[in-house]
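The following note sets out points on the model for a colleague's consideration. It proceeds from the overall fold to individual residues.

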Amino acid sequence: IRTMESYGGPAPTSFERFSARNFVRKPQVIMRLVASVCAVVVIECIAAIMDGYGLCPFNAARRPWTGCAFGVSAGALALVTCLVFLFFDTIFDRQSSVVVRKTIVKADVALSAVWAVIWLSAFAVLIGQWTKYSSNFDSSRSTVIAVNSRVAIAFSVLSVVVWVALTVCACIRLRKGPGQAFSYPVTAAVDKAAPPLKFDSRSVPTDKFMQPPFTGENYLEMPHFQPVTY
């Protein structure tokens with residue numbers, strides 16, 4: 001029996017249970033986990049520089065905390081977004097309302113596209129400020145600043161790729177539409193112990209009054225039948 005789909009999820013059934021194995025195999029779940037890891041790495045790299053040296057190589061000269069605050073804020077909010085949609089993914093397959101499913105997928109498309117743009121902006125800020133800072137910075141003097149800065153920039157680029165992939169995945173789910181979300185398998189409700197009904201042609205009455213009307217000329221042989229003349 002082929003399972004019907006609705007916005008990329010199977011038709012919900014009352015007896016369906018949550019399966020962690022099937023959950024972690026979903027493409028959107030894998031990408032959200034990767035996006036969460038990228039956000040955590042960016043936050044940790046910037047925090048390691050700030051805690052160890054009290055400076056941020058991503059800050060502009062006249063605007064302190066611009067680059068570091070932008071990177072940390074983007075990472076923290078992106079992590080929260082991933083956790084929220086991971087929760088939605090856990091309940092999506094058991095959600096019987098097609099309207100709710102469509103709302104979740106539409107929100108996924110919009111927010112994924114927004115986060116792709118935000119991370120692209122964060123990458124532009126980080127790489128621009130690091131280029132200015134590294135021109136007058138001796139990387140051999142402090143490898144911690146250089147390594148953490150480059151790792152933060154690299155994972156910001158990876159975040160752009162992941163959020164673009166999430167946007168494409170959500171668009172594909174949205175294009176699938178509701179489908180036949182409420183076309184449940186009929187055989188699941190059929191009692192297999194009940195014998196199937198069989199049609200016996202010998203049980204059909206042969207009386208001419210039981211014959212279908214206007215199927216032949218036998219109605220002329222019926223008693224007390226008077227044809228109508230026009």
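1. Helices and strands are taken here as DSSP runs, with at least four residues for a helix and at least two for a strand, numbered from the N terminus. On that basis, the protein chain of this predicted model contains five helices and two strands. Their order along the sequence is β-β-α-α-α-α-α.

2. The protein chain has 230 residues, of which 32% are buried. Its exposed surface amounts to about 15000 Å², with 64% supplied by carbon and sulfur atoms. Of the contacts between residues at least 6 apart in sequence, 79% join residues at least 24 apart.

3. Two helices may be checked against their expected spans. Helix H5, residues 143-176, comprises 34 residues and reaches 50 Å from its first C-alpha to its last, close to the 50 Å expected at 1.5 Å a residue. Just after H5, Gly177 adopts a positive phi of about 75°. For H3, the 27 residues should span 39 Å at 1.5 Å a residue, and the separation of 38 Å between its end C-alpha atoms agrees with this.

4. Which residues have the most contacts inside the largest nonpolar core? They are Phe58, Trp119 and Trp163, in a core of 29 residues. Helix H2 (27-53), helix H3 (66-92), helix H4 (98-134) and H5 are the elements that each give two or more residues to this core. The greatest contribution is that of H5, with nine residues.

5. The surroundings of Trp163 deserve separate mention. Leaving aside residues up to four places away in sequence, Trp163 touches Ala35, Ala78, Thr81, Cys82, Ser112, Trp115, Ala116 and Trp119. Ala78, Thr81 and Cys82 are also among the buried residues of H3. Others in that buried set include Gly67, Gly71, Ala74 and Gly75.

6. Is Asp108 buried or exposed? Asp108, found in helix H4, has a relative accessibility of 3% and therefore counts as buried, the cut-off being under 20%. Not counting residues up to four places away in sequence, Asp108 touches Arg32, Phe85, Ala170 and Arg173. Phe85, one of these partners, is itself listed among the buried residues of H3.

7. A search of the whole structure finds three aromatic pairs. In one of them, the rings of Phe87 and Phe88 have centres 6.0 Å apart and planes at 50°, so the pair is classed as tilted. Ring pairs link Phe85, Phe87 and Phe88 into a cluster. Within this cluster, Phe88 has 26% relative accessibility and so counts as partly exposed, whereas Phe85 is buried.

8. Phe92, another buried residue of H3, has arginines over its ring. Arg101 lies over the face of Phe92 at 5.0 Å from the ring centre. Arg173 also lies over the face of Phe92, at 4.8 Å from the ring centre. Arg173 is in addition a contact of Asp108.

9. A final point concerns Val157, which is placed in helix H5. With a relative accessible area of 34%, Val157 is partly exposed, because the value falls between the 20% and 50% limits. Val157 and Ala122 are 35 residues apart along the chain, and their C-alpha atoms are separated by 8.9 Å.

Technical notes:
Residues are numbered from 1 along each chain as its sequence is written. This is a predicted model: local features need pLDDT of at least 70, side-chain atom pairs count only at pLDDT 80 or more; totals for chains, interfaces and linings use all residues. Side-chain values use heavy atoms; hydrogens and water are left out. Rings of Phe, Tyr and Trp (its six-membered ring) pair if their centres lie within 6.5 Å; planes under 30 degrees apart count as stacked, over 60 as edge-to-face and the rest as tilted. Buried means under 20% relative accessible area, exposed over 50%, partly exposed in between (1.4 Å probe, protein chains only). A charge sits over a ring if NZ of Lys or CZ of Arg is within 6 Å of the ring centre and within 35 degrees of the ring normal. The expected span of a helix is 1.5 Å times one less than its number of residues. Contact means heavy atoms within 4.5 Å. Accessible areas come from the Shrake-Rupley method with a 1.4 Å probe; for residues, only the protein chains shown count as cover. A nonpolar core is a set of buried Ala, Val, Leu, Ile, Met, Phe, Trp, Tyr and Cys residues joined through side-chain atoms within 4.5 Å.
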